[in-house]
Protein chains: 2
Amino acid sequence: MIEKLTMKTNTEHCDARETLEKTSLYKTPQRIAVLDTLISSSVPLSVNDILKKICTQQKINKVTVYRILTSFKGKGIVREIETARGISYYEISCHHNPVHAHFSCRHCGMLVCLDPLTVSQTWEWFTRPRNFTIDHITITMTGTCHQCEGTLNCNSTADVVNNT
Amino acid sequence: MIEKLTMKTNTEHCDARETLEKTSLYKTPQRIAVLDTLISSSVPLSVNDILKKICTQQKINKVTVYRILTSFKGKGIVREIETARGISYYEISCHHNPVHAHFSCRHCGMLVCLDPLTVSQTWEWFTRPRNFTIDHITITMTGTCHQCEGTLNCNSTADVVNNT
DNA sequence: AAGTATTTGCAATTAAGTTGCATTCATGAT
DNA sequence: ATCATGAATGCAACTTAATTGCAAATACTT
């Protein structure tokens, strides 16, 4: 109950098996479990969250979850939210759940979905008093740089350059 | 040479000893070295970057750098940029270097500073063809949630909630 | 110069995420 | 229905960013 803005994912409309069929991914029990977990969740989940939810019903390995999420990302089934604490969270990517920003508590790691906002809503949102304190905004665009697009083997250089 | 937009930090105007004095932080050789390194850098640096640059001149421990950066963050001397790979980068926070977005290559980790943009510039920027491929935009606001503000000892719960 | 609170260094630890390889399994052809 | 095969999984070990506790060293105050 942190904000009045509402953000319903409505992912109940999505079907795990159907999605795997469409994206030509093998329908393994593990993939179905991970996808079902994400579909039925109203909030983004970390790998540990997913493991905890699934392990009560079936056996699944941490590495498998990582690999499943990687394949889901590749197919555009899920979005990854990288938080300030270096832990990734995952949410279903469908037309019922458009891209939006998140608030993450740097103390307990709690992650809050924020509504997609128009410009006027954004102003209203930022100026409204609320009961959490934002002290940092991270906007990072991730992708492939020119050099890596060409060579695709600069995996460990970690150079930093300016765009001047 | 990735973008035509220019983004000069101009932090040469800043003085390490003066900054430490102003913020009432002990002027230790380690703090001066870390601050000098950040002031003279035109790009954000990781802890490893900072270590590599300093260790040629003086002995300094990794943990010390982490703690120095934490104290600098607390005083508002530096900003932390959390990247998609879970590695934090640090840049001087002064009026010559206003808040801006970053592009980070998910393959080599390269970090690019993007200009602070107006709304019209943003449109122009996003629609312009460029030589890196953005496949993901992370916008995360970090801070302290209501619960942690009250108790300040929920450090390991990592709950996730929605803002509905 | 002495006392004190702060800072540093070291060693050990935590935890997210990755890699290699052997085993198991889903799928499509027979 | 069975089989062959490429794909997915599980396990163990590893990598690495970041943190913690504590003793030793150091910067500031008087």
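**Exercise 1.** In this predicted model, identify which helices each supply at least two residues of the surface near DNA strand D, and classify the residues of that surface.

*Solution.*
Step 1. Chain A contributes through helix H2 (29-40) and H4, and chain B through H4; each of these supplies at least two residues.
Step 2. The 23 residues that surround DNA strand D include, as the closest, A:Thr28, A:Arg31, A:Lys59, A:Thr64 and A:Arg67.
Step 3. By class, this surface divides into 9 nonpolar, 8 polar and 6 charged residues.

**Exercise 2.** Determine which parts of DNA strand D lie within 4 Å of the protein, and give examples of polar contacts.

*Solution.*
Step 1. Sugar or phosphate provides 70% of the strand D atoms within 4 Å of the protein, and bases provide the rest.
Step 2. Two contacts involve bases: the side chain of A:Arg67 places an N or O atom 2.6 Å from a base oxygen, and a polar side-chain atom of B:Lys62 is 3.3 Å from a base nitrogen.
Step 3. At the phosphate, a backbone N or O atom of B:Ser88 is found 3.1 Å from an oxygen of DNA strand D.

**Exercise 3.** Describe the surroundings of DNA strand C and its phosphate contacts.

*Solution.*
Step 1. DNA strand C is surrounded by 23 residues, the closest being A:Tyr66, B:Thr28, B:Arg31, B:Thr64 and B:Arg67. Of the strand C atoms that come within 4 Å of the protein, 69% are sugar and phosphate.
Step 2. Helix H4 (62-75) of chain A, and helices H2 (29-40) and H4 (62-75) of chain B, each supply at least two residues.
Step 3. Polar side-chain atoms of A:Tyr66 and B:Lys59 lie 2.8 Å and 2.9 Å, respectively, from a phosphate oxygen of DNA strand C. For the side chain of A:Asn48, the corresponding distance is 3.4 Å.

Technical notes:
Residues numbered from 1 in each chain as written. Chains lettered and ligands numbered in written order. Predicted model: local features only at pLDDT ≥ 70, side-chain atom pairs only at ≥ 80, totals over all residues. Heavy atoms only, no water. Near = heavy atom within 4 Å. Polar contact = N/O pair within 3.5 Å; in protein donor to acceptor, adjacent residues only side chain to side chain. Helix = DSSP H or I, 4+ residues; strand = E, 2+ residues; numbered from the N terminus. Nonpolar A, V, L, I, M, F, W, Y, C, P; charged D, E, K, R; others polar.
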